[in-house]
Amino acid sequence: MSASTTAPGSLALAGVTPRRSAVDARLARFGDVLRRYGWIIRSVQWLIVAVYAVLVIVPALLPLPDNAAHIWTNLTLAAQFAFWGIWWPFVLVSMVLVGRAWCGVLCPEGALSEFASRWSRGYAVPRWITWQGWPFVAFAGTTVYGQMTSVYGYPKPVLAVLGGSTLAAIVVGLLYGRNKRVWCRYLCPVNGVFAVLSKLAPVSFQVDRAAWAASPKPVGGTEAFNCAPLVPVKTMRGAGACHMCGRCSGHRGAVHLALRSPNHEIVHVAGAEPSLDQTMLILFGMLALAVGAFQWSSSPWYVDAKQWAATWLIERGTTWPLEHSAPWFVLTNYPDRNDVMTLLDGGLLLAYIGAATVVLGLALSGIVALATLSLGGWSLRRFHHLTQTLIPVAGCGVFLGLSALTVTFLRGDGIVIPYVAEIRAGLLAGASLWSVWLAWRVAGLDAGGLRRVAASACIAGAAALSVANWVLLFWIW
């Protein structure tokens, strides 16, 4: 959220068109509605909590569906489709469209954590919780564990992953903060991804610092508000941490929901301070680890490695890795469905995802480093800033990986979505061009001419490498 953003009442003076001013005025009023009717939001959250609990818990207690079951006739399949076919892919889309409104208005986990914090012990948040590496570690851990246990196909892993995360959120709420979302701010497994994607949102709560400074300080706390995700609203410039709940709307006449360019935060805000956690998450998480996680089961390289390893072990008389498995909560183990991961399968899965993370992450880092050097020498700030320009293609890849499950679920019930290949190609092309355009804008802040062209070309190369991995998955393998 830009510090230069003006309040809706002064938009015309700032050179904003009357039409834009009218839209911002309506958005500001909508933000005020969110604040005034927050009790309705809390009621909706509890309704979602109830539905969420049923979809997470009940299928794990039921027998697995047979081959004649359908999404609309079986609760287990319906829950799988709801979580992995609708919820996760389209929550990601919502981040790009309306910021983290899901977090502030609908998320059951955040609501439960904040509710539990009403009875918090009030302990100070320890330093290990605020460690900047959590966004990447939490994303990587849940992604890899989900692949090991086939979380997309069976209800018990869903209970372990989502239920375990929700239980942890409640425990954190009971220990730290009061009426706050400490879990959401620091430990939520998707907090980092949501914070990154929401930078592209065309609407956000924006702060006019001049209006804040000029307004009289509230007396008696009558205008105070509780920012549950612990955002320093007064100095807020970006949308990454804001949950869009509207509680701060209109505060001191300086906070308003308003339009902005989807490019604004990446170009003008993201480069202010280097952020190692976001850089790692984009390069090694969303653009590398996620590729390996979605890719391994279809990869001929995985099959070849498995055959080679099995042959090598058998030749040496070591067969236990091919014969033994682990409980379902460690590795997929459903013998009645003929779906069992041996220890060799699990080891190779980890090796494949690990190799994809390291190789792709280092390759992309090298390309971005080359783009950084082409602008006139090494700069950590510039490296981070150029990395942020890859957010569109990174987010598009994760969405396509998750939406592939949507297509698979529907096809399993005989519902065929037309033009899937064309839609995927269009999204990848559009996201890549968006990343290159952002790189052109960012590079132009530091250099012009051939240096700017070279930096943009490097980012185009990084986007092409990312797209190539999805081409392998969707069109070649």
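The span of residues 82-107 is 88% helix and 0% strand, and its end C-alpha atoms lie 14 Å apart. Helices here are DSSP runs of H or I with at least four residues, strands are runs of E with at least two, and both are numbered from the N terminus. The structure is a predicted model, in which local features need pLDDT of at least 70, side-chain atom pairs count only at pLDDT 80 or more, and totals for chains, interfaces and linings use all residues. Residues are numbered from 1 along each chain as its sequence is written, and side-chain values use heavy atoms, without hydrogens and water.

An unreviewed UniProt entry places the feature "transmembrane region" at several spans, including 82-107 and 452-476; such annotations may be inferred rather than shown by experiment. These two spans are set side by side below.

| Span | End C-alpha distance | Helix | Strand |
|---|---|---|---|
| Residues 82-107 | 14 Å | 88% | 0% |
| Residues 452-476 | 34 Å | 100% | 0% |

The protein chain is divided into domain 1 (20-197) and domain 2 (273-312 + 330-474), with bounds from an automatic or database domain assignment. Their C-alpha centres lie 24 Å apart. The contact (heavy atoms within 4.5 Å) takes 36 residues from domain 1 and 35 from domain 2.

About 3200 Å² is buried between the two domains, and carbon and sulfur atoms give 74% of this area. Buried area is the accessible area (1.4 Å probe) that two parts lose on being put together, summed over both. In domain 1, Phe-136, Met-148 and Val-196 lose the most area to domain 2, together 21% of what that side buries.

Between the domains there are zero salt bridges, a salt bridge being a side-chain nitrogen of Lys or Arg within 4 Å of a carboxyl oxygen of Asp or Glu. On the side of domain 1 that touches domain 2, helices H3 (75-98), H6 (134-148), H7 (155-175) and H9 (191-197) each supply at least two residues. H3 gives the most, with nine residues.
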